[in-house]
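Here is my note on this entry, written for someone who has not seen it before. Please read it with the model open.

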Amino acid sequence: MSVLVRGGTVVTADQSFRADVLCREGRIVAVGDGLDAPSGAEIVDAGGQYVMPGGIDPHTHMELPFMGTTASEDFFTGTSAGIAGGTTMIIDFVIPNPQQSLLEAYGTWRGWAEKAAADYSFHVAVTWWSDKVAEEMGVLTREHGVNSFKHFMAYKGAIMVDDGVLLNSFGRALELGALCTVHAENGEAVFHLQRKMLEMGITGPEGHALSRPPEVEGEAAQRAISIANVLGAPVYVVHVSTEQATQAIARARAGGHRVYGEVLAQHLVIDESVYRNPDWQTAAAYVMSPPFRARHHQDALWAGLVSGALQTTATDHCCFCAPQKAAGRDNFTKIPNGTGGIEDRMSILWHHGVNSGRLTPSEFVRITSANCAQIFNIYPRKGTVQVGADADLVVWDPEGHRTISAKTHHQNVDFNIYEGMEVRGKASHTVSRGKLVWKDGDLRTERGAGRYVERPCWSPAFKALEVRNEQTRPAGVDREVAAAFTP
Ligand code: URQ
Ligand code: ZN
Ligand code: ZN
């Protein structure tokens, strides 16, 4: 099976040039002018369009069991919706219960993901600590291609971890050459404020945002960065939503600390006024953590992306339908946290990023695909258009208009957070694993066509780096190990 994408402008993280792209048996086999079509090849006319690496969404939660229910989007429907929007790979999360074996949970999620229509990988959450957790982190890196471990600093009483777990886990990940990521909200402060809101009789969705003010994220982001810095470890902050956290990351990076920041497409364009919608169901549909913020935070997030302080974009695609959200009708703390968006991320970022003049097409490729591939060590297999790379491509129609709506989206959820938003720029064709699976509105994904993507750790690179100075080398941590990640 061959696919020839003809007549387009190839855009990678560092250049744009006119070229045809030939894909065969899942790989890109030729990039150049005037390529011949092998017999039987499917031909895509990409004239007037861009040919970019398929989007990678580093933050999704397909069929996540959470807050007493299960996310409505599964690995097949969710990756299919992603393909319709130009995303060809997800990195989802294995989230063990506290005291549960990480390997056991990993096996469960791998089973669920076998139905995926596109490629996928997993961050594994560390939700508790013991020698066994440390040992299983090693097995996951050595035998299962896991190179990132997640830590929830929120969700007290459920999956929240304290500073002690962060120190143990960050240190262990450093030994393994794996990257630690954090959900940065001060869970104790959230818990305290939730009770205050309820005592004051605030039970609606507005209470969700009021119990998670920006400082709750700013403090936790700074704390995670400081803890990582004490160990000389890198850290990746997921779903950065505030000016405070963006500035903490920018300061750390300016100081030479290896800190990465991820921003969700929805936090760039939706603000906290959604929680004041008089319709309870609509306001509840926007309950996610961190919550939507006042508009000035959006300016800071865009500045973070344009300046390079923030590197990746994601969706935190974690869908709950109206009946599920209704569990919190009388108490906002019971509303399952999560929103969707995997199908719309690329159009939102193109329309509000490139059409607005904030981003060039190459910068769009960086924040939707290339940076993620490099940070999570799967570049140039993913995240670029070159011979030998996986044949994951999106043919992007910059003039294609779309009105986003739950009535027309492919996501398995009864609400679209961008409902009614008009965007210019959309995926006209998507190639996944060398197959044309989205063609002018015809979605032809196959259940189980996706494959698990192993992500190797960084060991060799770290040995070369010198510790920044004596102070950052924690006592007792082997000099060579401490050299890891520390520029
Ligand atoms: O916190 C997360 O990232 C998961 C549980 C999805 N829910 C959310 O509100 N972001
Ligand atoms: Zn989170
Ligand atoms: Zn999440």
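1. The zinc ion (ligand 2) and the zinc ion (ligand 3) are 3.5 Å apart. This is a predicted model, where local features need pLDDT of at least 70, side-chain atom pairs count only at pLDDT 80 or more, and totals for chains, interfaces and linings use all residues. Residues are numbered from 1 along each chain as written, chains are lettered from A and ligands numbered from 1 in written order, and side-chain values use heavy atoms, without hydrogens or water.

2. Which protein atoms bind the zinc ion (ligand 2) as donors? They are His 183 (ND1) and His 239 (NE2), 2.1 Å from the ion. Donors are N, O and S atoms within 2.8 Å of the metal (3.2 Å for Na, K and Ca); water is not among the atoms, so sites may look incomplete.

3. The two histidines come from distant parts of the chain, 56 residues apart. His 183 is in strand S14 (residues 179–183). His 239 is in the loop between strand S15 (235–237) and helix H8 (243–254). Helices (H or I, at least four residues) and strands (E, at least two) are DSSP runs, numbered from the N terminus.

4. Are these histidines buried or exposed? His 183 counts as buried because its relative accessibility is 1%. His 239, at 2%, also counts as buried. Buried means under 20% relative accessible area, exposed over 50%, partly exposed in between (1.4 Å probe, protein chains only).
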